[in-house]
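Biologist: I am new to reading protein models, and I would love a close look at one part of this one. Could you walk me through the sheet and what lies around it?

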Amino acid sequence: MKEIFNQPLKGMLDHHPNLMLEENFILEKVHRAAKRFSFREYDSPLLEPWEVFAKKSSNEILEKQAYTFIDKGGRKLILKPEITPPLARLVSRYGDVYSLPLKWYTIGKCYRYENPQKGRLREFKQVNFDIISEGKHFYLQECLIITLIISLFELFNIKRSDYKVLFNHRGMVDDLLNYFDFDQNEKKNFYSIVDRKNKLTSEEFKKVLENNFKQTKQLDFINDYLSEQDPLSLYKKYPIAPNDDLVRFLDLIHQEREVVVFSPEIVRGFDYYSGLVFEVYATGGGIKRSLFGGGRYDGLVEKYGNKSLIGVGFGMGMPIFNLFLKELDLMRSNFLKSEIDYYIAPLEETSFAYCLQIRKELCEKDPNISVDIGLPSSVKKHFKMAEKKKINHFIFVGEEEVKRKNYEVKKIIA
């Protein structure tokens, strides 16, 4: 007989119960952070019209990583590779129902056809937090989204020395590029090249720059810009007007500068970013890499309707964050520990009805507990089963317990 194939597709993961325990451990903290900052949960379809992403997603995602197909109605559809464009579409349709600012979050699956590696899959669950509002005082919303990230990390007891929020400001960078006469195509190349700088060797990066930028003044500027560690010093070097939102953001976030650090290399690859951009970078544990990122996007919502709104947010992939927690030994140490509070062990079939009654009584006393009832068996086999499930509270039910309508809860310490 031909063997049945029991593996999921490459880059996709079976979430058996132990993995679900890990995932739910993370999501419980996510929901708690959302509640702390009064965010409301939403969801969007897994399938979207291709045009939803064609408006603003990067060409690399659409051309190389997107799962697309033609449905039976002849429509070109896409399994969502990211969440921000569907959010913009959703806000353009339903935004009038809610008062601004919109503080929304979602937990949804995304799909990207890329090379699977540790912490990176083709199917993955992603957590997104976004604030959508009007332009006035928007730097306050940018500050709030960074504060939310710090608060979320505190819920996991992640030390400040184990991560950094690296930030930049696309408004400031755009002003600098305009000053040095970068045209639209050169700007696009600049953001794309700098965004993948860490994936290239120093020689490869130098060659890519020289192939794309012929003016000496542009090359000199890029090298000088990438060596800068303070955004405000760039305004001292070059005669451009300071970006007011950036200056105010820096003033507000000053108390968090231990973890919120300027990095000229952070530009983010998506075309729709327009203001603050950031990446949360792991500095502790065995992985030293970007965990997730986000930023501000102007004008994205109006691409799907007539609302001129601004957004800021981030998308956190669950696989890499799960790996980060494990590297720091912050994932719950014993996920195999049973979530079952009581194990009721019938010693014969005639005891089973009374087991059901006991379960009912226990749950009436505490609706939040979990009770498992075994199948009729010997005391020895029940002990083995309960030990395997790591249960310490036992209730043995035999003929005597049924006759007396009384039972004893035993707690066995391993």
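Modeller: Happy to! Let's begin with one pair of residues: Glu41 stands opposite Tyr105, a residue of strand E5. Keep in mind as we go that this is a predicted model. The strands here are E1 and E5, where E5 covers residues 102-111; two bridges join them, and they run parallel. In general, strands of a sheet pair through backbone hydrogen bonds, in either a parallel or an antiparallel way.

Now step back to the whole sheet. Eight strands make up an open sheet with mixed pairing, and their order is E1-E5-E6-E11-E10-E9-E7-E8. Strand E1 (40-41) and strand E8 (260-262) stand at the edges; each has a single partner strand, so one side of each has no neighbour in the sheet. A helix joins the picture too: H11, made of residues 244-252, packs on the sheet. Helix H11 touches strand E7 (163-169), strand E9 (273-282) and strand E10 (290-298), and its direction makes about 155° with that of E7.

Strand E10 deserves a slower look. Its partner E9 runs antiparallel to it, and six bridges join the two. You can find one facing pair by looking for Val280, which stands opposite Phe292 in E10. Strand E11 (residues 310-317) also runs antiparallel to E10, again with six bridges joining them. Here, try finding Gly293, whose bridge partner in E11 is Gly315. How well covered is E10? Mostly: seven of its nine residues are buried.

Finally, let's visit a helix, H4, which spans residues 84-94 and holds Arg89. Is Arg89 buried or exposed? Its relative accessibility is 18%, and the cut-off for buried is under 20%, so Arg89 counts as buried. Setting aside neighbours within four places in sequence, Arg89 is in contact with Pro45, Glu48, Val52 and Tyr304.

Tyr94 belongs to helix H4 as well. With 33% relative accessibility, Tyr94 counts as partly exposed. Together with Val97 and Tyr98, Tyr94 forms a nonpolar patch on the surface, and the accessible area of the three together is about 280 Å². So, for a little tour of your own, start at Glu41 and Tyr105, go on to Val280 and Phe292, and finish with the patch of Tyr94, Val97 and Tyr98.

Conventions
Residues are numbered from 1 along each chain as its sequence is written. This is a predicted model: local features need pLDDT of at least 70, side-chain atom pairs count only at pLDDT 80 or more; totals for chains, interfaces and linings use all residues. Side-chain values use heavy atoms; hydrogens and water are left out. Two strands pair if DSSP finds at least two bridges between them. Helices (H or I, at least four residues) and strands (E, at least two) are DSSP runs, numbered from the N terminus. Contact means heavy atoms within 4.5 Å. Axes are lines fitted to C-alpha atoms, for helices over the stretch in contact, and angles run from 0 to 180 degrees between N-to-C directions. Buried means under 20% relative accessible area, exposed over 50%, partly exposed in between (1.4 Å probe, protein chains only). Patches are made of residues with over 30% relative accessible area and no salt bridge: like charges are joined within 9 Å, nonpolar side chains (Val, Leu, Ile, Met, Phe, Trp, Tyr) within 5 Å. Accessible areas come from the Shrake-Rupley method with a 1.4 Å probe; for residues, only the protein chains shown count as cover. A salt bridge is a side-chain nitrogen of Lys or Arg within 4 Å of a carboxyl oxygen of Asp or Glu.
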